[in-house]
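Here are a few warm-up exercises for your viewer. Try each task before you read its solution.

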Amino acid sequence: MDQKILYLAAGEDTEGLQQCLQQMKENEIGALITTHALKGKEIGMLVRAIFKGSPCSKHEGAGCRLFVYKHCMQLVESGDLQSDIATDMIGLLMLEAHHLPGATLAELASLYVDAIKGGSIMNGKSLDLFPTILTVLASQESLSYGGGQLCGEEYKKQLINTLCSSRWDPKCVIHLASMFRDVPVSTEELQFVMMKVLKMFPRLDLQELPPLVYQLLLLSAKGCKKILLEGIIKFFHQQDQLQKEEQMGTESMELEAASVPKDQLRHVEGTIILHIVFAIKLDHDLGRELIKYLKAGQQGDTSLVLCSFSIALLLSVARIHRFEDQVFEFLKTSTIKSFKDRLFQQNSKFLQDLIPAQCSVSEMILETVSNSVFGWDHVTQSLVQLGFIFMDSFGPKGGPFGKVVEINPVAAKTPAQQASRLGAKILLETFKVHEPIRSEILEQVLNRVVTKTSSPISQYIDLLSDIVISAPLILLESS
């Protein structure tokens, strides 16, 4: 029968081809397609011949095409086909989708939505066809929906809304994020999609997050950059909080369910930071959105936007020359603001009762130093730079006639003094845990001791003293 179909199609006997197909049952057509697809033999020619004998202008022809689409989608999703055969089959269905009537397109789109809701998407290969279905559907002038009529664009919007309001199987989230890159969407629709995928983060295995974030970064080229960055930062901020609660011995069912190994979490965070930085190098608007979002958060409770992850991300972004000054200026002002706020609170019983103690920026920066041991090599150079910026900017200044007022670093009280001391702590802790950077830290400290003849150098001497006391063996190895 398959040879007869191919013969009639090759001979331009369209009427005979139509009659031949009408005499066949759907399961017979399906069996032919399956046999040829599994053998990888003439499958493209067979499907084209079936489409040729199934004109969309006739009800039977449209029905036959719909069956072929459904059957091919199931075949591709089964994973039984060779990769190149599956790709060719999807490519052929994409080309023919432009000839399908609106009702058939709507049914196929609904079939995809039901498959996603039902968790029957296995390898995600069939999803490659979905963007074409949605695109062609959106170009339709009128479609039946809920007893009324909608234009194609509105119908597509309703489908996306329904899809994003439904439960997704975690195993198809990455495929869907990749798929939506090829779907023309409005800003509102893109927001639906982005929010839905971000809500799925807690339900995914930690190792699945880097490839998912990579797909979302590609998708953010269409917009919603702030929503994406905010969602990523908030998620990892929550994970950091769970880690801290676990270390303090908090016992709760929620914690046990959400807890993940610390080293695994840090490696995933490091990979995602690299993905974001790479995306910012290609799209500077993404970097501007990051700075803008964090500066807006600086006006309120800084701890809501600044955490170990976001600080590490900023320090990595600082390696991009365009954003270097903005990042370090932001971290300087945030740190000084944090020290000032804490000083105000310590000096006011009213503020202590009114506002709970907030996590300080300095603690989060030092936490970033300790987390950087988990392969965050892209952070270390900026940590050293930040430490020296704090020491250079907020260290003791020369008084009249070059006289210097010596300050006990342990008893540092003013925000500037605390910031200078923080810079020394950053450099000390970085020196301890990162061997490749030790010689550079020592070299920069000694250069400042030797060259700063007209300004105080006591803070650098104190740092050298701390290094000698706390890490004498490491210092000897470095020298």
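Helices here are DSSP runs of H or I with at least four residues, numbered from the N terminus. By that count, serine 83 sits in helix H6. Keep in mind that the model is a predicted one.

**Exercise 1. Get an overview of the chain: how many helices and strands are there, and what share of the residues is buried?**

Step 1: Go through the secondary structure, and you get 25 helices and 2 strands.
Step 2: Check burial next; 49% of the 479 residues count as buried.
Step 3: Take the contacts with a separation of 6 or more, and 73% of them turn out to join residues 24 or more positions apart.
Step 4: Finish with the surface: about 23300 Å² is exposed, with 54% of it supplied by carbon and sulfur atoms.

**Exercise 2. Work out how H5 and H6 are oriented, and which residues meet between them.**

Step 1: Fit the axes of H5 (residues 59-78) and H6 (residues 83-96); they come within 10 Å and cross at roughly 150°.
Step 2: Angles over 145 degrees count as roughly antiparallel, so that is the label for H5 and H6.
Step 3: Look at the handedness, and H5 passes H6 in a left-handed crossing.
Step 4: List the partners: H5 brings Arg65, Tyr69, Cys72, Leu75 and Val76, while H6 brings Ala86, Met89, Ile90, Leu93 and Glu96.
Step 5: Sort that contact by class, and you find 8 nonpolar, no polar and 2 charged residues.

**Exercise 3. Do the same for H12 and H15: what is their angle, and which residues make the contact?**

Step 1: H12 (residues 209-219) and H15 (residues 262-282) pack at about 15°, and their axes are 9 Å apart.
Step 2: Under 35 degrees the label is roughly parallel, so H12 and H15 get that one.
Step 3: The crossing of H12 past H15 is right-handed.
Step 4: On the H12 side, the contact uses Leu209, Pro210, Val213, Tyr214 and Leu217; on the H15 side, Val268, Thr271, Ile272, His275, Ile276 and Ala279.
Step 5: Those residues split into 9 nonpolar and 2 polar, with no charged ones.
Step 6: For a sanity check on the spacing, recall that an α-helix has 3.6 residues a turn, so residues three or four places apart point the same way.

**Exercise 4. Is H12 largely enclosed or not, and which of its residues are buried?**

Step 1: Use the cut-off of under 20% relative accessible area for buried.
Step 2: The residues of H12 that pass are Leu209, Pro210, Leu212, Val213, Gln215, Leu216, Leu217 and Leu219.
Step 3: That makes 8 of 11 residues, so H12 is largely enclosed by the rest of the structure.

**Exercise 5. Look at cysteine 224: where is it, and what is its phi?**

Step 1: Find cysteine 224 in the loop between H12 and helix H13 (225-247).
Step 2: Its phi is near 60°, a positive value in a residue other than glycine.
Step 3: For context, most residues other than glycine have a negative phi.
Step 4: Cysteine 224 has 15% relative accessibility, so it counts as buried.

**Exercise 6. Are asparagine 27 and serine 83 buried or exposed?**

Step 1: Asparagine 27 belongs to helix H3 (residues 26-39), and at 56% relative accessibility it counts as exposed.
Step 2: Its C-alpha lies 9.5 Å from that of phenylalanine 67, 40 residues apart along the chain.
Step 3: Serine 83 is exposed too, with a relative accessible area of 56%.
Step 4: From serine 83 to lysine 125, the C-alpha distance is 9.3 Å, with their positions 42 residues apart in sequence.

Note on methods: Residues are numbered from 1 along each chain as its sequence is written. This is a predicted model: local features need pLDDT of at least 70, side-chain atom pairs count only at pLDDT 80 or more; totals for chains, interfaces and linings use all residues. Side-chain values use heavy atoms; hydrogens and water are left out. Axes are lines fitted to C-alpha atoms, for helices over the stretch in contact, and angles run from 0 to 180 degrees between N-to-C directions. Angles under 35 degrees count as roughly parallel, over 145 as roughly antiparallel, 65 to 115 as roughly perpendicular and the rest as oblique. A crossing is left-handed if the near helix is turned anticlockwise from the far one by less than a right angle, and right-handed if clockwise. Contact means heavy atoms within 4.5 Å. Ala, Val, Leu, Ile, Met, Phe, Trp, Tyr, Cys and Pro count as nonpolar, Asp, Glu, Lys and Arg as charged, and the others, Gly among them, as polar. Buried means under 20% relative accessible area, exposed over 50%, partly exposed in between (1.4 Å probe, protein chains only). Accessible areas come from the Shrake-Rupley method with a 1.4 Å probe; for residues, only the protein chains shown count as cover.
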